[in-house]
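Colleague: I have just opened this one and would like a walk through it. Where should we start?

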Amino acid sequence: MKYDQARWTDGKTMEGEDADGQYEPLLSEKNSEEVEVESPLPDELTRDSVELPELSEPELARHYTRLSQMNYGVDSGPYPLGSCTMKYNPKFTEDVAALPSAGVHHDRSDRSLQGSLALMHGLQDYLAEIGGMDAVSLQPPAGAAGEFTGILVAKAFHEANGEGDQRDEIIVPDSAHGTNFASAALAGYEVVELPSGDDGRVDLEALEAAASDRTALFMLTNPNTLGLFERDIEEIADIVHDAGGLLYYDGANLNALLGQARPGDMGFDIMHYNVHKTFATPHGGGGPGAGPVGVVSDLAEFLPAPRVREVEDGDGKYERFEPESSLGKVHGFEGNWLVLVKTYAYIARLGDEGLTDASAKAVLNANYLASQVDYEVPFEPFHHEFVASAGDQDAADVAKRMLDYGVHPPTTKWPEIVSEALMTEPTEIENKDTLDQLAEAFNAVAAEDDETLANAPNRTTARRIDQTSAARNLRLSWQSLDSEE
Amino acid sequence: MSGRHESGERGSPYAPHTAEETEAMLSAIGADDVTELFDIPESVVFDGEFDIDERTEREAERHVRGLLSRNDDLTEFLGRGHYEHYVPSLVDHLSLRSEFLTSYTQYQPEITQGFLQALFEYQSMLVELTGLGIVNASMYDHATALAEAALLAARVRSTDGDRVLVPDYLLDQRRDVLENYTDGAGLSVETFATDDGNVDTDALAEAIDDEAVMVYAENPTTRGTVEENVEAIGDLADDHGALFCLGSDPVALSILQEPESVGADVVVGDAAALGLPTAYGMGLGLFATREDFVRQVPGRLVGASEDAADNRTYTLTLQTREQHIRRERATSNICTNQAWVALRTAIHAAYLGPEGLVDLANDCVRLADDLAERLDGISGLKAPVHDRHHFREFVAHTDQPAKAVAEDLEAEGFAVHAVGDHEVQVCITDANEHAADDLVAAFEEVA
């Protein structure tokens, strides 16, 4: 694939011939205006002036269109970013989320919100069914917020059993997502890091040794970050439960399992769903996502408030309610509602067959792509993603060079169990042709020398960016650029 | 009907494989069937069904539209932390460009300069509005931003202490989130009294001591009042080495006292007051703070840098604060944030420009004033309850039980908050002012 990304410049510079140029100028550099604040409020309660960009609508339309051209999304090309599940985001889901009937305020009466409540009730049911869980809260606004919520559920459970103080540890595998560690620490727990076994999976003996009457929770991703299914999952659940702890499922990799296996059936007690991964809501350049949390029936009473239920003998009406021992709230309202609408629409579109097929094709694609790539893949059998090793090459440089081939590179240098890791997740949306082109990009880079890699990228808007300069000489606003001059 | 875009035997409509392609791929892998690729023990294989019908796009669209149509078509005069202003069409059309919408976090900055610049511009506009040097690329919402502010305060404060002081008007849900987030750090949330909708500085002076890590207040407050004592609150916090965290939003910030100038150390709020229509409380957590605290800031930061061609570029920076690198020692667990909402907020703010933004904010003062005055003229109502200036919303006293008034108004097609036994709260902006006459008429009927 050949690729040249748009490069709008201020005209002062071409490819480094003239230093200190810039790409599309900042809004403030195009036009900025300071206006004095005159207000019906008394002067002592107001500010003197405010200075902001002042541009016409056509100028703005061009500015943001140019910025969009200097950006790359799933609709631009392949995006096999491991652990991120960069699926195609169906357009019609945007349309339903934009319906005026979806634009409602949280604080209205239940009676007047029957549509929203019906959709949320339906989504609670869908997610419970898909995860094999008994009750779901839609409130957490992201995956990490879901983890935090799940940990608070576990905390409330242990406290209710009089073991709140005693159970002060959360066990996390060394290969887990960074958020697992951070969420556990945020909730005030000691993090016990569990080293992976030689086969890249949970080492049962190490888990036996780590689990104790101090264990509140064991957080696990399955398939794990190497794409491997934890085949000993039932023994793992027994070890954790025998120690009196609970088992948490990090839903980041659920796209491998739809219709194939359910966390609830494997012995997990709590899980979160990354709907912006598994259920194709757009990542939006970093968010918003949503991280609903599902639990088994014994834990339902601790979930955040409110949840939605059918009114008894209510003729199909719905109401919000506070679970009996609710942990309270983890978001000011009910999380990212518009994302939840898109999630519901996606699941309603695919149904059983579509969801099951999505996972089947995601696993097929990962396996096919791996079979066509020259880099070694040390751990098998993987599912929806594989972790190749760049070997003697620097994985970060490999990624930069892949950009020149018009594809987004894999996640790099993680998990650390594979040296120079290239964590690759093509998802189900690519066909064979695209996967072949993607493999060509991998293989072309694999054959290139270090200098070529170190000098990449060349075809993207920006050439290699100096991260050290960014961190040493912090410029986090245009005001700080001004003061620099 | 059949074909590529219909559901049925093709499975996922967004998995483009033909039977021949699947066959060829399996044979390249050396497998006979896709099921062979799953390494799942028999005992945990799922052999049931979800019982979710598959639908064509047309059917799915109609289904969701049908569900949502069960929402009553009310004209909302609601606020209390979730605000609507008219969102110009430009915001939708540009933010929905799929290069923005379908992109991931900018971990490969060379290919995502566009989004990075947009976030840098968002940060910059909020730096101007708050006067504080650092604005992050977003938290989830006002409540979680407030919670993160308390955690930041506990980290940066030089002396020990565990008290977070909040005013009694703090929304229950914000307090709940604050307590959930700070419990692990051992902080305790304590309330101080307010006086007629503003902070009672005597009560705060009484409550504060050197154990306080943070004092929180709002401007405008949850009850719609403009806070007249921000400077005094800042001084009290400062006297005790506590951080002063101010809650606000970008519209209000354009005319109210600049937070930096009154001693605010952190500004939090819902920045989606610009950029997002009413969305069941979905928001954008504004988080601004002083440059001194930059290494303790939660969330992503976009900074300027240079590329190999010496051009100015943008990149995520100081990532060593974040969970994917620092893990349990990260400044926060946040990963996925509200970046796309920040893009929308930036577009909306730039669309308004300084004059448009100030005009919009002044409208929020005038509209609330006018409506309160009109309601005050209705027998059975007294508005506003607080003898203060107001912004967007105000509390009105009702002789009738507030709940009954709100219910009766709903029957007339309007939504307002019942916030006390005899108090309703009404919020008015450019988005609903066209219905103000009708609301007044309805109040005349029901009050």
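Modeller: We need one definition before we begin: two residues are in contact if their C-beta atoms, placed from the backbone, lie within 7 Å. Please also keep in mind that this is a predicted model.

Colleague: Fine. So how many residues of chain A are in contact with chain B?

Modeller: On the chain A side there are 173 residues, and they are in contact with 155 residues of chain B. Helix α11 of chain A, residues 337–372, supplies the largest share of the side that touches chain B, namely 22 residues.

Colleague: And how do the residues on that side of chain A divide into nonpolar, polar and charged?

Modeller: The side of chain A that touches chain B has 84 nonpolar residues, 55 polar ones and 34 charged ones.

Colleague: Let's step back to chain A as a whole. How many helices and strands are there in chain A?

Modeller: Chain A has 16 helices and 14 strands. Its radius of gyration is 25 Å, close to the 23 Å that the globule rule gives for 485 residues, so chain A is as compact as a globular protein of that length. Along the principal axes, the C-alpha trace of chain A spans about 70 × 70 × 45 Å.

Colleague: What percentage of chain A is made up of buried residues?

Modeller: Of the 485 residues in chain A, 62% are buried. If you take the contacts in chain A with a separation of 6 or more, 69% of them are between residues 24 or more positions apart.

Colleague: Which strands form the open sheet in chain A, and in what order?

Modeller: Three strands form an open sheet in chain A, in the order β12-β14-β13, and the pairing is antiparallel. The edge strands are β12 (386–389) and β13 (411–412) of chain A, each of which pairs on one side only. Between β13(A) and strand β14 of chain A, residues 421–424, there are two bridges, and T411(A) stands opposite M423(A) in β14(A).

Colleague: Switching to backbone oddities: which peptide bonds in chain A are cis?

Modeller: One of them runs from N222(A) to P223(A), with omega near 0°, and P223(A) lies in the loop between β6 (215–221) and α8 (233–242) of chain A. Another cis bond runs from A456(A) to P457(A), also with omega near 0°, and P457(A) sits in the loop between α14 (450–455) and α15 (467–472) of chain A. As background, most residues other than glycine have a negative phi, and most peptide bonds are trans.

Colleague: Then what is the phi of S83(A), and is S83(A) buried or exposed?

Modeller: Phi of S83(A) is near 80°, a positive value in a residue other than glycine. The residue is found in the loop between α2 (57–69) and α3 (91–97) of chain A, and S83(A) counts as buried because it has 22 C-beta neighbours inside 10 Å, where the cut-off for a buried residue is 20 or more.

Colleague: And what about L318(B), which also has a positive phi?

Modeller: Phi of L318(B) is near 50°, and this residue lies in the loop between β12 (312–317) and α11 (323–326) of chain B. With 17 C-beta neighbours inside 10 Å, L318(B) counts as partly exposed.

Colleague: While we are in chain B, how do β3 and β4 run with respect to one another, parallel or antiparallel?

Modeller: Strand β3 (residues 163–167) and strand β4 (residues 188–192) of chain B run parallel and are joined by five bridges, with F192(B) in β4(B) as the bridge partner of P167(B). From β3(B) the chain crosses through helix α7 of chain B, residues 172–182, to β4(B), and this β-α-β crossover is right-handed.

Colleague: Which residues of β9(B) are on each side, and are they buried or exposed?

Modeller: Both faces of β9(B) are covered, with V266(B), V268(B) and D270(B) on one side and V267(B) and G269(B) on the other, all of them buried. Strand β8 of chain B, residues 243–248, pairs with β9(B) in the parallel sense over four bridges, and S248(B) stands opposite G269(B). Strand β10 of chain B, residues 285–289, runs antiparallel to β9(B) and is joined to it by five bridges, F287(B) being the bridge partner of V268(B).

Colleague: Last one: how many residues of α6(B) are buried?

Modeller: In α6(B), 13 of its 15 residues are buried, so to speak mostly covered. This helix, residues 142–156 of chain B, reaches 21 Å from its first C-alpha to its last, close to the 21 Å expected at 1.5 Å a residue.

Terms used. Residues numbered from 1 in each chain as written. Chains lettered and ligands numbered in written order. Predicted model: local features only at pLDDT ≥ 70, side-chain atom pairs only at ≥ 80, totals over all residues. Nonpolar A, V, L, I, M, F, W, Y, C, P; charged D, E, K, R; others polar. Expected span 1.5 Å × (residues − 1). Buried ≥ 20, exposed ≤ 12 C-beta atoms within 10 Å, placed from the backbone. Pairing = 2+ DSSP bridges. Rg over C-alpha atoms; globule rule 2.2 N^0.38 Å. Right-handed = clockwise from strand over helix to strand, strands pointing away.
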